[in-house]
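Let us walk through this chain together, with the structure open beside the text. We will go from one end to the other and pause at a handful of residues along the way.

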Amino acid sequence: MVIKTDLCSFSEWRIYPGHGRRFVAKDGRLFYYLNQKSRAFSARKIKSQEIQWTVAWRRLNKKIKTDEGAKKRRIRNLKVQRAIVGISLEEIRRRRKEDEKTRKAQAEQAAREIKDRKQKQIDAQKSQRKGVTSTQKVAQKAETKAAQKAAAKTAGKQKGKK
């Protein structure tokens, strides 16, 4: 059978059921005292480390064994790699393994490809401009104007019929 015991707030001795007193401070904190002696020392604000019969004094003066030898086992945080939107986990690992030289070479190659693409677009636009002579341009403008006038006339006739 397990008996629920409390610890004295001053002496740290065990308080068995039916013994001791509880004291509630103004701020709501609970204090458990084994006997009137402990309560009186605590009320006088005397430190329990200064009284020889308390557990605190015995611990301070190495009279009892403490469990400081057993280190607490810390749980270490593990780094977890996750994929970013747009890049897979394998791609991230591959890029991490690359050295600076290969990165620079890839960047230069990408820049060259972009330049080549832009140059091709410019060349294509120039060739289109060269293919159309100035007389052909004038003729095209005249055709578009004539088409616009004809469209305006037919629109005006349709309004008059209504």
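A residue is called buried under 20% relative accessible area and exposed over 50%, with partly exposed covering what lies in between. Keep in mind that this is a predicted model. Ile 114 is a handy first case: its relative accessible area is 41%, so it counts as partly exposed. You will find Ile 114 in helix H4.

Now turn to the beginning of the chain. The UniProt record, an unreviewed entry, annotates residues 4-67 as "domain: Large ribosomal subunit protein eL24-related N-terminal". In the model, this stretch is 22% helix and 19% strand. The C-alpha atoms at its two ends are 23 Å apart.

Within that stretch, look for Cys 8 in the loop between strand S1 (6-7) and S2. Is Cys 8 buried or exposed? Its relative accessibility is 2%, and therefore it counts as buried. From Cys 8 to Leu 30 there are 22 residues in sequence, and their C-alpha atoms are 11 Å apart in space.

Tyr 16 sits in the next loop to visit, between strand S2 (14-15) and strand S3 (21-24). With a relative accessible area of 45%, Tyr 16 is partly exposed. Tyr 16 also belongs to a nonpolar patch on the surface, where its partners are Met 1 and Ile 3. Together, these three residues have about 420 Å² of accessible area.

Two lysines further along deserve a look at their backbone. As background, most residues other than glycine have a negative phi. Lys 45 has a positive phi, near 60°, and is placed in the loop between helix H1 (36-43) and helix H2 (55-60). Lys 62 also has a positive phi, of about 60°, although it is not a glycine. The loop that holds Lys 62 runs between H2 and helix H3 (89-97). As for their surroundings, Lys 45 counts as exposed because its relative accessibility is 74%. Lys 62 is exposed too, with a relative accessible area of 71%.

From here, let us return to helix H4 and see where it stands relative to the earlier part of the chain. Ile 114 and Arg 59 are 55 residues apart along the chain, and 76 Å separates their C-alpha atoms. Arg 117, also in helix H4, gives a second reference point: its C-alpha atom is 84 Å from that of Ser 48, with the two positions 69 residues apart along the chain. Arg 117 has 51% relative accessibility, so it counts as exposed.

Our last stop is a charged part of the surface. Which residues form the positive surface patch? They are Lys 126, Arg 129, Lys 130, Lys 137, Lys 141, Lys 145, Lys 149 and Lys 153. Helix H4 (100-131) and helix H5 (134-161) are the elements that each give two or more residues to this patch. The largest share, five residues, comes from H5. Lys 153, one of the patch residues, lies in helix H5. At 60% relative accessibility, over the 50% cut-off, Lys 153 counts as exposed.

Key: Residues numbered from 1 in each chain as written. Predicted model: local features only at pLDDT ≥ 70, side-chain atom pairs only at ≥ 80, totals over all residues. Heavy atoms only, no water. Patch = residues over 30% accessible without salt bridge, like charges linked within 9 Å, V, L, I, M, F, W, Y side chains within 5 Å. Areas by Shrake-Rupley, 256 points an atom, 1.4 Å probe, with all protein chains shown as cover. Salt bridge = Lys/Arg side-chain N within 4 Å of Asp/Glu carboxyl O. Lys, Arg positive; Asp, Glu negative; His and termini not counted. Charge placed at Lys NZ, Arg CZ, Asp CG, Glu CD. Helix = DSSP H or I, 4+ residues; strand = E, 2+ residues; numbered from the N terminus. Buried < 20%, exposed > 50% of the residue type's maximum accessible area, 1.4 Å probe, protein only. UniProt positions renumbered as here; feature names shortened; annotations may be inferred.
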